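Trainee: I should like to request a close look at a single part of this model, followed by an account of how the rest is arranged around it.

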Amino acid sequence: MADAPIYEARGVTKSYGSVQALTDVDLSIRAGEIVGLVGDNGAGKSTLVKVLSGAHQPDSGSVYLDGVARAWKSPHEALEAGIETLYQDSGLCPDLTVSGNVFLGREKLRPGLLGKLGFLDNKAMARVAHEELERAGIGLTGVRRNVNQLSGGQRQAVAIGRAVAWARKVIVLDEPTNHLGARQSGEVLKVVAGARERGLGVVFISHTLPHVLQVTDRIVVLRLGRVVADEPTSSFTPDSLLKVITGLQATGTGPKT
Amino acid sequence: MTADTMQQDATETRGARLKAVLLRQDVILLGVLVVMVVFFTTMNPLFFTRFAFANILQDWAPVMLLAMGQTYVIITGGIDLSVGSTLGLSGVAAAMTMRSLNEGGTATGATIAVGVVVALATGLAVGLVNGLLITRAKLAPFIATLATMGAGAGLTLVLTGGVQIAGGPVEVIRLGNTQYLNLLTIPLIIVFAVLAVTWLVLSFTRFGRWTYAVGSNGFAARGAGIGVDRHLLKVYMLAGLMAGLAGLFVYFRLGSGSPTSGQGQELAAIAAAVIGGTSLVGGSGRMSGTVLGALITTAVLSGLILIGVAPNWQQVVIGLLIAVAVGVQQINVRTRKGAGRG
């Protein structure tokens with residue numbers, strides 16, 4: 001079945017002590033689909049991100065990658081399996097170059113003996129980083145510039161470009177447009193849309209509802225740890241989405257005002 | 001983007017980078033060094049002699065060894081206050097080992113070899129303790145290394161009873177002080193070799209890259225799959241190893257183990273790194289800067305002695321140098337932040 005989810009959470013429940021953060025949550029992402037994940041503060045978005053990224057294990061329920069149940073022991077394991085997560089404010093290393101950041105933790109070494117000694121192949125990394133960022137739709141001048149010379153929007157674009165370049169299946173973006181101006185957000189949203197063109201599944205978490213409505217294909221609304229709506233983006237208006245989030249309305253296709 | 005504008009951008013950033021480097025780092029330090037040399041030479045012509053230079057190099061070497069480790073540590077955003085007392089402890093440990101082997105009639109070569117191993121192992125062990133306190137016990141580097149600094153200095157006094165440890169093989173002094181080309185001793189040559197390795201590793205390898213990454217944004221480094229704690233452990237062990245080597249250097253130079261030989265040396269090492277442009281905030285710094293920083297601190301101290309300033313002023317001068325260097329850095333950071341906006 002072509003439309004089978006690439007990544008899925010089924011019946012995920014998670015509590016911290018007496019706090020029930022997630023209750024029986026289902027979420028599915030298809031290849032080439034951007035799923036918006038919205039909800040008020042404390043609705044469980046961050047917890048769900050942590051479960052998807054492998055940082056936390058659900059108490060019950062499971063995540064499925066390509067239909068196979070997986071129990072991530074660490075974010076690194078999920079990373080290796082092709083799931084990239086961009087945490088809110090995790091950011092980049094400002095003192096490293098753009099290409100140093102793109103290849104952070106996955107450095108290319110020189111061929112031969114020098115490589116065995118741990119010598120970096122900076123030229124090759126700069127070349128590939130430039131290509132990958134351009135492919136992700138990010139036009140940056142000079143990938144050998146330090147990140148601390150970039151604007152906030154450029155930094156975020158690089159962070160997302162990095163995730164897009166490495167992700168093989170899914171990227172999870174937690175508040176990628178936070179603290180960004182309108183033009184910079186626009187650039188970031190373009191990169192997110194580009195990830196869809198590359199056949200990645202994208203989970204897009206944001207408080208900024210216009211961004212969610214603009215870029216996603218489907219929206220999942222969490223409230224008090226439960227999924228209260230899971231509908232195509234087209235069935236929401238800005239007003240109805242807000243009403244579903246706050247609990248004033250049950251679905252996106254309610255009466256339009 | 002067209003190839004043309006790319007080329008132009010590349011040239012522009014290259015030009016800007018060149019200008020930044022010229023303005024900020026090594027060239028300024030080199031200028032400071034030249035001014036100092038001219039000043040001290042006019043005050044006392046003895047300063048500009050081969051003899052004085054050889055002496056400065058001998059003073060420079062242990063400071064440089066400590067400063068190499070310190071550069072790595074400070075780039076990770078930490079600090080190692082224990083390196084001075086580790087220098088003393090490992091020097092004394094080597095001296096005591098060699099004395100007892102020598103008195104027991106062990107061959108000179110074997111005695112020296114065991115002494116070398118003991119000193120390096122002592123340094124590594126202190127580094128390991130530092131690393132574990134920081135990564136496992138989650139102590140701030142300042143606190144962890146303050147504790148080992150005190151413990152190391154105390155242990156040195158306990159072991160020696162506060163007296164010099166002589167009685168090692170006499171060849172030690174010859175090995176440590178025979179000059180080749182009227183300038184270089186074997187220990188000095190080893191220091192240069194170690195410097196080359198630590199510089200290459202910091203600037204060109206993955207280990208170096210991760211050192212910067214950990215100090216620049218530890219959270220991002222962890223997110224990228226880097227074993228941050230593991231890396232920190234290695235960096236503090238490197239600093240300890242360098243301190244052990246410095247202890248050996250001092251022992252070979254003096255021919256005896258002095259319990260107070262490391263006193264205040266951590267300050268000199270931190271000064272060298274910071275004067276060389278390594279930021280105490282972490283994430284930036286270069287070994288070439290540290291080399292010049294260590295040269296400046298040791299040349300100042302030699303120069304002051306040559307123009308008749310009492311040696312007791314040394315710590316005061318080093319303290320002043322650190323304050324000035326950090327002050328200059330902060331001005332730099334402020335202007336860079338202003339320029340980088342937009």
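Is A:K14 buried or exposed? Please take that residue as the starting point and proceed from there to the other salt bridges, the helices and the interface.

Mentor: The model is a predicted one, and the description that follows should be read in that light. A:K14 is buried, as its relative accessible area is 12%, which falls under the 20% cut-off for that class. The side chain of A:K14 nevertheless has a charged partner: it meets the side chain of A:D59 in a salt bridge, with N and O 3.9 Å apart. This pair links distant parts of the chain. A:K14 belongs to strand 1 (residues 7-16) of chain A, whereas A:D59 sits in the loop between helix 1 (45-53) and strand 4 (60-65) of chain A, and 45 residues separate the two. The two partners also fall into separate classes of accessibility: A:K14 is buried, while A:D59, at a relative accessible area of 46%, is partly exposed.

The salt bridge just described belongs to a wider set. Over all chains, the structure holds 15 salt bridges. A second one in chain A is formed by A:R183 and A:E187, whose closest N and O atoms are 3.0 Å apart. Here both partners lie in helix 7 (residues 182-197) of chain A, and they are four residues apart, about one turn of the helix. A:R183 is exposed, with 62% relative accessible area, and A:E187 counts as partly exposed at 32%. Helix 7 of chain A also contains A:G186, which is partly exposed with a relative accessible area of 31%. The C-alpha atom of A:G186 is separated by 19 Å from that of A:A165, a residue 21 places away along the chain.

Chain B offers a further example of a bridge that links distant parts of a chain. The side chains of B:D229 and B:K138 meet in a salt bridge with an N to O distance of 3.5 Å. B:D229 is in helix 11 (residues 228-254) of chain B, and B:K138 is in the loop between helix 5 (108-135) and helix 6 (141-160) of chain B, with the two positions 91 residues apart. B:D229 is partly exposed at 28% relative accessibility, and B:K138 is exposed at 56%. In chain A, salt bridges that share partners join A:R30, A:E33, A:R218 and A:D230 into one network.

Another buried residue of chain A is A:Q156, which lies in helix 6 (residues 152-166) and has a relative accessible area of 18%. A polar atom of the A:Q156 side chain lies 2.8 Å from the backbone oxygen of A:P176. Apart from neighbours within four places in sequence, A:Q156 is in contact with A:L86, A:E175, A:P176, A:L180 and A:V188.

Helix 9 (residues 238-246) of chain A shows how burial is distributed around a helix. A:S240, A:L241, A:V244 and A:I245 are buried there. These residues cover an arc of only 140 degrees around the axis, so they lie on the same side of helix 9 of chain A. The buried residues of this helix pack against strand 3 (34-39), helix 8 (209-215), strand 9 (218-223) and strand 10 (226-232) of chain A. After helix 9 of chain A comes A:G247, with a positive phi near 90 degrees.

There remains the interface. Contact between the chains involves 27 residues of chain B and 28 residues of chain A. The area buried between them is about 2,200 Å², and carbon and sulfur atoms give 61% of it. On the side of chain B, the residues that lose the most area to chain A are B:R206, B:R209 and B:A224, which together account for 26% of what that side buries. The elements of chain B that give two or more residues to this side are helix 1 (3-24), helix 8 (186-204), helix 9 (206-216) and helix 10 (218-223). Helix 9 of chain B gives the most, with six residues. By class, this side of chain B has 12 nonpolar, 11 polar and four charged residues. Across the interface of chain B and chain A the rule finds zero salt bridges, but six residue pairs are in polar contact, both residues being at pLDDT 80 or more.

Methods. Residues are numbered from 1 along each chain as its sequence is written. Chains are lettered from A and ligands numbered from 1 in the order in which they are written. This is a predicted model: local features need pLDDT of at least 70, side-chain atom pairs count only at pLDDT 80 or more; totals for chains, interfaces and linings use all residues. Side-chain values use heavy atoms; hydrogens and water are left out. Contact means heavy atoms within 4.5 Å. Buried area is the accessible area (1.4 Å probe) that two parts lose on being put together, summed over both. A salt bridge is a side-chain nitrogen of Lys or Arg within 4 Å of a carboxyl oxygen of Asp or Glu. A polar contact is a pair of N or O atoms within 3.5 Å; within protein, one must be able to donate a hydrogen and the other to accept it, and residues adjacent in sequence count only if both atoms are side-chain atoms. Ala, Val, Leu, Ile, Met, Phe, Trp, Tyr, Cys and Pro count as nonpolar, Asp, Glu, Lys and Arg as charged, and the others, Gly among them, as polar. Buried means under 20% relative accessible area, exposed over 50%, partly exposed in between (1.4 Å probe, protein chains only). The arc is that of the directions from the helix axis to the C-beta atoms.
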